[in-house]
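Dear colleague,

I am passing a structure on to you, and I would be glad if you could look through it before reading my notes underneath.

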Amino acid sequence: MNSNDIIKNAKILVIDEDVNMMEIISEILTGYGHTVVTFTEPVSAIEELKSSKYDLLIVNYLMSPVNGDRVVELVREFDKEIYIILMSMHRDLAPSIETMQNLDIQAYFEKSSRFDQLIIMIQSGIKYIEQIRKVKSMNLKLDQYLFDFAQILLNTITAKDHYTGEHSKRVKAYCELFAKSLGLSSSDTENLLTAASFHDVGKIGIPDSVLLKNGKLTDDEYDTIKLHPVIAANIFSVSDIFDAIVPIIKHHHERYDGNGYPDKLKGDAIEYLARILSICDSFDAIVSKRPYKDECSIEEALEEIKKSANTQFDGSLSEKFIDTINQNMDHVKDIIVNNTSK
Ligand SMILES: [Fe+2]
Ligand SMILES: [Fe+2]
């Protein structure tokens, strides 16, 4: 084998009770440019794997107090990525195929075989890990591109309709406050805030004559505006990375009594995070000045939200929202002042 073909600098941990065998393996692998750390007993080896990142694990099958398959089981609890080669002295002592599959062991090596086979296994293991890491980083980049694309859409609407951009920022800020006081999980909070940022992106598909109209909308024009949640849902169905936020955005204008749009969903059929967004969205609309209405005070807005409990809004959420705003009054005034251009 040409040593140039070997990928160098992999970090490899070897666990074997047979010190001589480990010395041989260690010498060969170090000669190929890898960093090798050896352990004669599994317990401290597992601790080491927990505290620092390795590319490959070579583990002997028969050991005490825990056998290699149990070691792998324990390692897989915290590291799904490490490439594992299980080795044993003889074929009769080899683990079953089921064990190999269940524990995601990628290779099996018999100590009696030639060591260049082990080198080949290690080389393909490292290549595999490199590919997996490349794919993962490409996926991360793709996710970022898609979120950038959503931001570009929002900036495009904001360039012509300044209100939408500022409104989205304020709605996101209210959602952040509300999520905290409701004790939402971090993934729910993240989805809610992303949905809040982009909830009105569908307005990009609304004609300027309607979107920018300086005055009260006619019924037909209002029907056109009502298309924006569906337009946004269609825009975001471009990738499944938006799967969690599509229903929140699509249903931010549903009403608890079933008289909202676009699907006339009722009560708990409306996604929980959409019910939260709906209150934050409406609160901002009420306290904002629009071409067809003056701004209301925070107190008036809260009164409105109280009145619409169980009709427009989920009653228990409107109560909690009112408490949240009252308990964070200075912060709320700050949001209104700092995210509004006068
Ligand atoms: Fe909206
Ligand atoms: Fe909105």
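The notes below cover one strand with its neighbours and then a metal site.

This is a predicted model, in which local features need pLDDT of at least 70 and side-chain atom pairs count only at pLDDT 80 or more, whereas totals for chains, interfaces and linings use all residues. Residues are numbered from 1 along each chain as its sequence is written, chains are lettered from A and ligands numbered from 1 in the order in which they are written, and side-chain values use heavy atoms, with hydrogens and water left out.

Strand β4 covers residues 83–88, and 6 of its 6 residues are buried (under 20% relative accessible area, with exposed over 50% and partly exposed in between, for a 1.4 Å probe and protein chains only); helices (H or I, at least four residues) and strands (E, at least two) are DSSP runs, numbered from the N terminus. Tyr83, Ile85 and Met87 point one way from β4, while Ile84, Leu86 and Ser88 point the other way. Strand β3 (residues 56–60) runs parallel to β4 and is joined to it by 5 bridges, with Ile85 as the bridge partner of Ile58.

The iron ion (ligand 1) has as its protein donors (N, O and S atoms within 2.8 Å of the metal, or 3.2 Å for Na, K and Ca; water is not among the atoms, so sites may look incomplete) Asp200, His228, His252 and His253, lying 2.2 to 2.3 Å from it. Asp200 also coordinates the iron ion (ligand 2), 3.4 Å from the iron ion (ligand 1). His228 is buried, at a relative accessible area of 1%, whereas His253 is partly exposed, at 22%.

With best wishes

Definitions and conventions. Pairing = 2+ DSSP bridges.
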